[in-house]
Amino acid sequence: MADSSLGSSGVKVVVASSGDENHPPENILDGNTKTFWMSTGMFPQEFIIRFAELTKISAVTVDTYNVKHLKIEKNTSQKASQFESVTEKGKGTSAGVRLYFIFQLNGSSATHLRFIITAGYDHFVSVHKVNVKY
Amino acid sequence: MVKLRARCLLVGDTAVGKSALSHVFHSDGTLFQKNYSMTTGVELLMKCVNIPETDDSVELYIIDSAGKETLVEACEKMWGVPSLLCLVFDLTSEQSFANCSQWMERVRAHCQGLHVPGALVGNKSDSSARREVQASIAQEWAESQGLEYHETAAKEMENCDALLLSLARAFHSLYQERRETIQNLSPG
């Protein structure tokens, strides 16, 4: 499943806090690590992805640039609201580095995953790909 | 088309005209607050600036923070991590210019190591007879701090537009630079 795109399996980005029309949030799920979604200033920044149905997730990987701290929340509802915290991670490096965040979700179920970028190594950060292991 | 968002910190000594400037910004240069009223906390004003010859715009969240020494510490808690800096002094007060280095230090402590572009502003340029700070000296210091230098007269609403546009442009060029860097990253 490593190279398949989430977008083609019915997963959608339903919320994104920034929007450069040349780098839309759909780029996160297109399976291509050259395309990206970019934040357009200030923190926190977030995006929410929705699965077609309640899904068991073992792990999530997020391919980012200049993201310093990332938090994941989830819910099991049809609406993108009332999230519960899952896990968070900070990466202690310096600016200008491509970073891969790996979150173990240990088979917990979700319909939405919310990714909150609380801090960056620069004013602007990008997310290139989110991948989910079932 | 892209809409950028910047947290613009407006600081400097008390009574140099920070709030007057921010009200001129906010009213598109139609309103100068004639009566002085000291800002004792932090005021937030939002101003959207279009970048000429593009479809892009920058929303400036201007944080007008009290300049009075005894209030600064409490206000600093609301600064967050700034995206832009607008450091103001009074051209008729040498002291307010001298204190700018201290303001820079305070601001840097909040920047988390990020490069924060911005402007040094000599306000009250209309009071030329009482001028105490020469433009060349202020310009030189601004350059040494990586800031652009502007002189304004909030009372006459002079050059306020230019300042606002320069702040927005600084953030917009930073965005374009970063976007180019990201576009040229080798695939992960």
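In which helix of chain B does B:Glu94 lie? B:Glu94 belongs to helix 3 of chain B. The model is predicted: local features need pLDDT of at least 70, side-chain atom pairs count only at pLDDT 80 or more, and totals for chains, interfaces and linings use all residues. Residues are numbered from 1 along each chain as its sequence is written, chains are lettered from A and ligands numbered from 1 in the order in which they are written, and side-chain values use heavy atoms, with hydrogens and water left out.

**View 1. Surroundings of B:Glu94 in helix 3 of chain B.** Helices (H or I, at least four residues) and strands (E, at least two) are DSSP runs, numbered from the N terminus. B:Glu94 has a relative accessibility of 42% and counts as partly exposed; buried means under 20% relative accessible area, exposed over 50%, and partly exposed in between (1.4 Å probe, protein chains only). Leaving aside neighbours within four places in sequence, B:Glu94 is in contact with B:Glu132 and B:Val133, where contact means heavy atoms within 4.5 Å. From B:Glu94 to B:Cys8 the C-alpha to C-alpha separation is 25 Å, with their positions 86 residues apart in sequence.

**View 2. The largest nonpolar core, with 37 residues.** A nonpolar core is a set of buried Ala, Val, Leu, Ile, Met, Phe, Trp, Tyr and Cys residues joined through side-chain atoms within 4.5 Å. The members that touch the most other members are B:Val58, B:Leu60, B:Leu84, B:Cys86 and B:Leu163. Among the elements of chain B that give two or more residues to this core are strand 1 (3-11), helix 1 (18-26), strand 3 (57-65) and helix 6 (160-183). Helix 6 of chain B gives the most, 10 residues. Beyond four places in sequence, the contacts of B:Val58 include B:Leu4, B:Ala6, B:Val49, B:Ile51, B:Ala168 and B:Phe171. Another core, of 28 residues, lies apart from this one and includes A:Ile28, A:Leu105, A:Ile117 and A:Val132.

**View 3. The two faces of helix 5 (residues 135-144) of chain B.** B:Ala138, B:Trp141 and B:Ala142 are the buried residues of this helix. Seen down the axis of helix 5 of chain B, they fall within an arc of 105°, so they line one face of the helix; the arc is that of the directions from the helix axis to the C-beta atoms. Strand 4, helix 3 (94-98), helix 4 (100-108), strand 5 and strand 6 (148-151) of chain B are among what covers these buried residues. The face turned away from the buried side carries the exposed residues B:Ser136, B:Glu140, B:Glu143 and B:Ser144. After helix 5 of chain B comes B:Gly146, with a positive phi near 70°.

**View 4. B:Thr152, in the loop between strand 6 and helix 6 of chain B.** B:Thr152 has a relative accessible area of 0% and is buried. The side chains of B:Thr152 and B:Asn123 make a polar contact (3.0 Å). A polar contact is a pair of N or O atoms within 3.5 Å; within protein, one must be able to donate a hydrogen and the other to accept it, and residues adjacent in sequence count only if both atoms are side-chain atoms. Not counting residues up to four places away in sequence, B:Thr152 also touches others, including B:Leu21, B:Val121, B:Lys124, B:Glu158 and B:Leu163.

**View 5. Contact of chain A with chain B.** Chain A contributes 26 residues and chain B 27 residues. The two chains bury about 2200 Å² between them, 59% of it on carbon and sulfur atoms; buried area is the accessible area (1.4 Å probe) that two parts lose on being put together, summed over both. In chain A, the residues losing the most area to chain B are A:Met42, A:His123 and A:Phe124, together 29% of what that side buries. Two salt bridges are counted between the chains, a salt bridge being a side-chain nitrogen of Lys or Arg within 4 Å of a carboxyl oxygen of Asp or Glu. One of them joins the side chains of B:Arg179 and A:Asp20 (2.8 Å, N to O). B:Arg179 is buried at 16% relative accessible area, and A:Asp20 is buried at 2%.

**View 6. Salt bridges within the chains, A:Arg98 with A:Asp63 and B:Lys124 with B:Asp90.** The closest N and O atoms of A:Arg98 and A:Asp63 are 2.8 Å apart. A:Arg98 lies in strand 6 of chain A and A:Asp63 in strand 3 (residues 45-65) of chain A, so this pair ties together parts 35 residues apart in sequence. Both A:Arg98 and A:Asp63 are buried. For B:Lys124 and B:Asp90 the closest N and O atoms are 3.1 Å apart. B:Lys124 is partly exposed at 25% relative accessibility, whereas B:Asp90 is buried at 7%.
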